[in-house]
Amino acid sequence: MSQAIRMFFMVLVFAMISIIQWNLDADKTGTRNLKNALELAVHDASLALDESQLGQGLIVFDQVQAETNFQNSLMYHLNVNDSYEPQSASFFQDTIDVKVLTFIDDSTIDPNNPSTTVTFPYVYTNATYDVVDILYGPSVIAVVETKSPRYFSGEKAVLRQAAVYEYFN
């Protein structure tokens, strides 16, 4: 009888460890997928340039087109709809929240000196999401957040990723 009880507890411990491992694997996979998709999305957003400004040697983003490129890229790579809600084939189960989408280019007003535009290198800071980066040229900065999918019950971990795509001057 004691052998059967020990075996039962060993199976129970193994099942608990497996559940923890599967949930941790979901966190890791979700983080990697979110980061990869975000890197591609900021790159795609950075391709939307104002051609008239480009002809004058300035890199200025067409922000309307850039936001569209960003949204379409996230929709495609994360399999979400235009409200960033997951589709049936998506790895994610919760809505993707775009917390920050910022464009720093040759036409951006310097917050420290409102009468001028930013000069590069420029130190970008966002204290809310703990983003600090030295930008050496016009850049697209984004922060997205969602909850990790879980195969088994348990509190879902918050996954937050930031990405910067910049043109070097």
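# Fold, helix H3 and two cores

Q: What pattern does the protein follow along the sequence?
A: Read along the sequence, the pattern is α-α-α-β-β-β-β-β-β-β. That is 3 helices and 7 strands, where helices (H or I, at least four residues) and strands (E, at least two) are DSSP runs numbered from the N terminus.

Q: Where do the coordinates come from?
A: This is a predicted model, in which local features need pLDDT of at least 70 and side-chain atom pairs count only at pLDDT 80 or more, while totals for chains, interfaces and linings use all residues. Residues are numbered from 1 along each chain as its sequence is written, and side-chain values use heavy atoms, with hydrogens and water left out.

Q: Is the protein spread out or a compact globule?
A: The protein is more spread out than a compact globule, because its radius of gyration is 22 Å, well over the 15 Å that the globule rule gives for 169 residues. The radius is taken over C-alpha atoms, and the rule is 2.2 Å times the number of residues to the power 0.38. The C-alpha trace spans about 85 × 30 × 20 Å along its principal axes.

Q: How much of the protein counts as buried?
A: Of the 169 residues, 35% do. Buried means under 20% relative accessible area, exposed over 50%, and partly exposed in between (1.4 Å probe, protein chains only).

Q: Moving to H3, which of its residues are buried?
A: Ala66, Asn69, Phe70, Ser73, Leu74 and Leu78. They lie on the same side of H3 because they cover an arc of only 130° around the axis, the arc being that of the directions from the helix axis to the C-beta atoms.

Q: And which exposed residues are on the face turned away?
A: Val64 and Tyr76.

Q: What do the buried residues of H3 pack against?
A: Helix H1 (2–46), strand S1 (97–104) and strand S6 (139–147). Contact here means heavy atoms within 4.5 Å.

Q: Which residues have the most contacts inside the largest nonpolar core?
A: Phe70, Leu74, Leu78 and Ile96, in a core of 22 residues. A nonpolar core is a set of buried Ala, Val, Leu, Ile, Met, Phe, Trp, Tyr and Cys residues joined through side-chain atoms within 4.5 Å. H1, H3, S6 and strand S7 (158–166) are the elements that give two or more residues to this core, and H1 gives the most, with 6 residues.

Q: What does Leu78 touch, leaving aside neighbours within four places in sequence?
A: Leu78 is in contact with Asn33, Leu34, Ala37, Ser90, Phe92 and Ile96. A second, separate core has 10 residues, including Val100, Tyr124, Leu135 and Val143.

Q: Ser139 in S6: buried or exposed?
A: Ser139 is buried, with a relative accessible area of 0%. A polar atom of its side chain lies 2.8 Å from the backbone oxygen of Gly137. Beyond four places in sequence, the contacts of Ser139 include Phe61, Thr102 and Tyr165.

Q: Switching to the backbone, where is the cis peptide bond?
A: From Phe120 to Pro121, with omega near 5°. Pro121 sits in the loop between strand S3 (113–117) and strand S4 (122–126).

Q: What about Asn79, which follows H3?
A: Asn79 has a positive phi of about 55° although it is not a glycine. It is in the loop between H3 and S1 and is partly exposed, at 27% relative accessibility.

Q: And what is the phi of Asp130?
A: Asp130 has a positive phi of about 55°, and it is not a glycine either. Asp130 lies in the loop between S4 and strand S5 (131–135) and is exposed, with a relative accessible area of 68%.

Terms used. Polar contact = N/O pair within 3.5 Å; in protein donor to acceptor, adjacent residues only side chain to side chain.
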